[in-house]
Amino acid sequence: MDYNGNLLCEVIVKGTPNEVLELEDGGFVLFTSSYTDGLYALPCYDDQGNLRWTYSFSEEGSVYIASMYQRNGDIYCFGEVRVQGDCNNIYIWRISPEGELKQKIKIGGCDFESVYRVLQTEDGFTMYGSTQSRDGDLPFSKNGYGVGFRAEISDDLILLHAEEYESQYSGMVGYHAGQ
């Protein structure tokens, strides 16, 4: 739908659409998940709703995407992967306009990490989340309890800086009156 409520196109997807990103050319991608089938995908559609390509996250484990951005044509997906019997880590995927994986990084340690919010900056991204790890990229937890963090990440997916950030529930979630 457009901003006036007019239906622009309709697509039928398998699973639940969780996150949508409108692309610079008028098309869109949407992250879909089906926990019962183990399907986690990012289909890309043109502005008429025709499928261009689909990127599959299904081999990663149980995937949750918190934020998506398009930058210089590439699609950046920020989320979490939970592998059965393993820890929960933050992953960032950089996908080309043709649907090919260009880059993927994992951020975290040996425990449970979550990403809550990602903001685009002039040079990259600022990510807010929580960690229970005492090792790895986010070693802020004390006694295994969740601790909030803020991390600066470049366009090339390099973790530039991470720091403890107030509490695990802190972070920007929107704007109010331009603030």
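Visitor: What makes N72 count as buried or exposed?

Guide: N72 has a relative accessibility of 68%. Exposed means over 50% relative accessible area, buried means under 20%, and partly exposed lies in between (1.4 Å probe, protein chains only). The value of 68% is over the limit of 50%, so N72 counts as exposed. The model is predicted: local features need pLDDT of at least 70 and side-chain atom pairs count only at pLDDT 80 or more, whereas totals for chains, interfaces and linings use all residues. Residues are numbered from 1 along each chain as its sequence is written, and side-chain values use heavy atoms, with hydrogens and water left out.

Visitor: Where does N72 lie, and what is its phi?

Guide: N72 is in the loop between β5 and β6. Its phi is positive, about 55°, although N72 is not a glycine.

Visitor: Which loop holds L157, and what makes L157 buried or exposed?

Guide: L157 is found in the loop between β11 and β12. Its phi, too, is positive, at about 60°, and L157 is not a glycine. Its relative accessibility is 4%, which is under 20%, and therefore L157 is classed as buried. The two strands β11 and β12 form a hairpin with four residues between them, and L157 is in that turn.

Visitor: How many strands and helices are there?

Guide: The protein has 12 strands and zero helices. Both are DSSP runs numbered from the N terminus, a helix being H or I over at least four residues and a strand being E over at least two. Of the 179 residues in the protein, 46% are buried.

Visitor: What makes β9, β10, β11 and β12 a sheet, and in which order do they stand?

Guide: The four strands form an open sheet in the order β9-β10-β11-β12, with antiparallel pairing. β9 and β12 (159–164) are at the edges, because each has a single partner strand and one side of each is left without a neighbour in the sheet. From one strand to the next the twist averages 20°. The angles behind such values run from 0 to 180 degrees between N-to-C directions, with axes as lines fitted to C-alpha atoms, for helices over the stretch in contact.

Visitor: How do you know that β11 pairs with β10 and with β12?

Guide: Two strands pair if DSSP finds at least two bridges between them. β10 and β11 have eight bridges in the antiparallel sense, and β11 and β12, also antiparallel, have five; both counts therefore satisfy the requirement of at least two. In the first of these pairings F125 stands opposite I153, and G124 stands opposite S154. In the other, E152 is opposite H161.

Visitor: Why is β11 described as largely enclosed?

Guide: Six of its eight residues are buried, so the rest of the structure largely encloses β11. β11 (147–154) also supplies four residues to the largest nonpolar core, which is the largest share from any strand.

Visitor: What makes that set of residues a nonpolar core, and how many residues does it have?

Guide: A nonpolar core is a set of buried Ala, Val, Leu, Ile, Met, Phe, Trp, Tyr and Cys residues joined through side-chain atoms within 4.5 Å. The largest one has 22 residues, and those with the most contacts inside it are F78, I107 and M127. Residues touched by F78 include Y91, V118, F125, M127 and I153, leaving aside those up to four places away in sequence; contact means heavy atoms within 4.5 Å. A second, separate core has 19 residues, among them L21, W53, I65 and I75.

Visitor: Why is S130 called buried, and what does its side chain contact?

Guide: S130, in strand β10, has a relative accessible area of 5%; this is under 20%, so S130 is buried. Its side chain makes a polar contact with the side chain of Y116 at 3.0 Å. A polar contact is a pair of N or O atoms within 3.5 Å; within protein, one must be able to donate a hydrogen and the other to accept it, and residues adjacent in sequence count only if both atoms are side-chain atoms. The distance of 3.0 Å is therefore within the limit of 3.5 Å.

Visitor: How many disulfides are counted, and what makes C44 and C77 buried or exposed?

Guide: A disulfide is a pair of cysteine sulfur atoms within 2.5 Å, and by this rule the count is zero. C44 has 1% relative accessibility and so counts as buried. C77, at 0%, is buried as well.
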